[in-house]
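Pull up the model and keep it in view while you read. This is a walk through its strands, its enclosed helix, its cavity and a few odd spots in the backbone.

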Amino acid sequence: MPITANDTSRKSWLEVPENSDFPIQNIPFGVFLTKENVVTVGTRIGDYAIDLGALQQLNYFEGIELTDDMFMQDTLNDFISDGKKTWRLVRNRIAEIFDETNPQLRDSTKHRDIVIFKIEDVEMQLPVLIGDYTDFYSSREHATNVGKMFRDPDNALLPNWLHIPVGYHGRSSTIVPSGIPVHRPMGQTLPAGHDTPVFGASRLVDFELETAFITTDVNVMGENISTYEAEDYIFGMVLLNDWSARDIQKWEYVPLGPFLAKNFATSISPWIVTMDALEPFRTKGPKQDPTPLPYLQTKGKKAFDIHLEVSLKPENQEEETVISRSNFKYLYWSMSQQLAHHTSNGCRVNSGDMMGSGTISGPTPDSFGSMLELTWGGKNPLKLKDGSERKFIEDNDTVIIRGFCENTEVRIGFGEVSSQLLPPFIKQ
């Protein structure tokens with residue numbers, strides 16, 4: 001089935017600002033709350049949020065097999081469970097409805113008033129009920145930088161890293177959408193020169209520049225899937241900030257790896273950009289040497305050219321400082337390999353599960369994806385536009401991650417994931 005929604009010559013009768021992340025060729029999916037306190041599944045074109053529940057009730061999806069309440073829910077899980085054919089049919093239909101040549105909705109003031117909202121008049125929600133969250137560690141540059149800092153600089157990568165997509169199971173209960181502030185965590189740390197740990201607020205809170213993909217129902221328990229079919233089970237992608245407490249992490253991560261240093265907060269962008277929308281931006285990832293084992297081998301272009309940018313904004317400051325520019329294509333292990341490896345032991349993966357990429361660092365210092373790397377453990381503080389310096393994230397700083405793809409014909413973006421770090425939560 002062709003992806004007609006990607007037609008770059010198509011224009012919408014809705015106004016789309018120049019360089020918008022959300023032209024009619026994007027059509028992402030999300031969940032939002034209206035002024036009337038109605039929660040609905042929606043999409044976005046330009047600076048307008050579109051109520052897909054209302055569109056369905058008005059029969060704009062006639063001819064597409066959908067359950068009666070498909071878009072009148074507070075999550076996308078059921079829609080995602082319907083599979084790739086339904087995703088493509090719905091996205092193609094939305095493109096047709098909002099095509100500048102189609103008068104059906106364009107010329108119906110009554111219907112438009114029910115269906116279309118200004119983006120500032122809606123409140124974005126978490127788009128899916130995330131049952132399970134896995135975070136990978138798939139940037140060779142990031143893993144190498146961390147290895148140099150904490151282990152042997154001459155043997156920065158652990159022996160298994162070039163053979164498997166390393167990952168760990170995160171905590172879905174503290175995943176929040178953009179705009180929701182997070183609190184500096186409390187935890188155990190081992191201060192320099194001490195033999196026993198102390199309990200208190202983390203002093204080394206960090207961001208991690210990541211993306212994540214959302215899956216449909218992939219397999220039954222015991223079944224594995226191949227790299228060649230893996231993409232059929234990936235609905236789309238979001239931006240992800242995997243907040244980290246480096247001092248807590250340093251004390252707790254041996255021997256089992258990340259735990260409380262990671263699971264206190266994970267922030268994601270609210271619009272899921274589909275793999276269909278990203279199709280024009282496929283590219284080759286890094287050469288893999290040694291050649292992966294047969295079950296991890298792939299052919300063709302499995303990476304995507306997604307420009308990523310991190311900004312930091314101190315409290316009461318209008319101006320942001322861009323502190324990192326990276327790209328998704330730098331990742332050593334692809335999403336196909338990550339999902340194939342995840343199921344290689346028969347682990348079940350469900351609709352709405354989320355898989356983080358791991359920190360995405362590039363080859364140059366200005367493309368590193370965390371404060372840990374950008375300041376090299378705090379040794380080289382970053383200078384912000386207001387004249388202040390940062391070794392790690394300070395209370396009331398806001399971290400903003402943006403991402404987009406662009407070629408000569410179209411720009412497809414993710415919007416942003418923006419989160420403020422608040423002081424520790426004090427129970428009254």
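## Who pairs with whom

Two strands count as paired here if DSSP finds at least two bridges between them. This is a predicted model, so every pairing below is read from predicted coordinates. Take strand β25, residues 398–406, as a starting point: β25 runs antiparallel to β26, with eight bridges between the two. Within that pairing, I401 sits opposite V417 of β26. A four-residue hairpin links β25 to β26.

## The five-stranded sheet

Zoom out and you'll see that β25 and β26 belong to an open sheet of five strands, ordered β9-β26-β25-β20-β21, with mixed pairing. The edges are β9 (182–183) and β21 (321–327), each of which pairs on one side only. As a reminder, strands in a sheet pair through backbone hydrogen bonds, and the pairing can be parallel or antiparallel.

Both kinds turn up here. At one edge, β9 pairs with β26 in the parallel sense over two bridges, and H183 has L422 in β26 as its bridge partner. At the other edge, β20 (residues 307–313) is joined to β21 by six bridges in an antiparallel arrangement, with V310 facing S324 of β21. How well covered is β26 (residues 411–422)? It is mostly covered, with nine of its 12 residues buried.

## A short strand covered on both faces

Now look at β6, residues 133–136. In a regular strand, side chains alternate between the two faces of the sheet. For β6, Y133 and D135 lie on one side and T134 and F136 on the other, and all of them are buried, leaving both faces covered.

Which strands does β6 pair with? One is β22 (residues 354–356), which runs parallel to β6 and is joined to it by three bridges; there, Y133 is partnered with M354. Another is β7 (residues 167–169), which runs antiparallel to β6, also through three bridges. In that pairing T134 stands opposite H169.

## An enclosed helix

Helix α9 covers residues 335–343, and nine of its nine residues are buried, so the helix is largely enclosed by the rest of the structure. The buried set isn't just greasy side chains: among them are S336, Q337, Q338, H341, H342 and T343, along with M335, L339 and A340.

## One small gap inside

How many cavities of 30 Å³ or more turn up? The count is one, and its volume is about 30 Å³. Its lining is made up of N6, T8, Q25, A277, P280, V410 and I412. Sorted by class, that gives four nonpolar residues, three polar ones and no charged ones.

## Cysteines

If you're wondering about disulfides, a search of the whole structure finds zero. Two cysteines to look at are C347 and C405. C347 is partly exposed at 25% relative accessible area, whereas C405 is buried at 0%.

## Backbone oddities

Most residues other than glycine have a negative phi, and most peptide bonds are trans. A few spots in this model go the other way. The bond from V254 to P255 is cis, with omega near 10°, and P255 is in the loop between α7 (246–252) and β16 (266–268). D289 and P290 are also joined by a cis peptide bond, with omega about 10°; P290 lies in the loop between β18 (282–283) and β19 (303–304).

Then there are two asparagines. N37 has a positive phi of about 60° and sits in the loop between β1 (30–33) and β2 (39–45). N59 has a positive phi of about 70° and is found in the loop between α1 (52–57) and α2 (77–81). Are they buried or exposed? N37 counts as exposed at 61% relative accessibility, and N59 is exposed at 54%.

## What the record says

The unreviewed UniProt entry annotates residues 25–127 as "domain: Fumarylacetoacetase N-terminal". In the model, that span is 35% helix and 19% strand, and its end C-alpha atoms lie 20 Å apart.

UniProt also lists residues 134–402 as "domain: Fumarylacetoacetase-like C-terminal", again from an unreviewed entry. Here the chain is 13% helix and 27% strand, with 22 Å between the end C-alpha atoms.

Note on methods: Residues numbered from 1 in each chain as written. Predicted model: local features only at pLDDT ≥ 70, side-chain atom pairs only at ≥ 80, totals over all residues. Heavy atoms only, no water. 1 Å grid on protein atoms, 1.4 Å probe; cavity = no way out; pocket = protein on both sides within 12 Å on 5 of 7 lines; lining within 4 Å. Points joined across faces, edges and corners; volume = space filled by probe spheres on them. Nonpolar A, V, L, I, M, F, W, Y, C, P; charged D, E, K, R; others polar. Disulfide = S-S within 2.5 Å. Buried < 20%, exposed > 50% of the residue type's maximum accessible area, 1.4 Å probe, protein only. UniProt positions renumbered as here; feature names shortened; annotations may be inferred.
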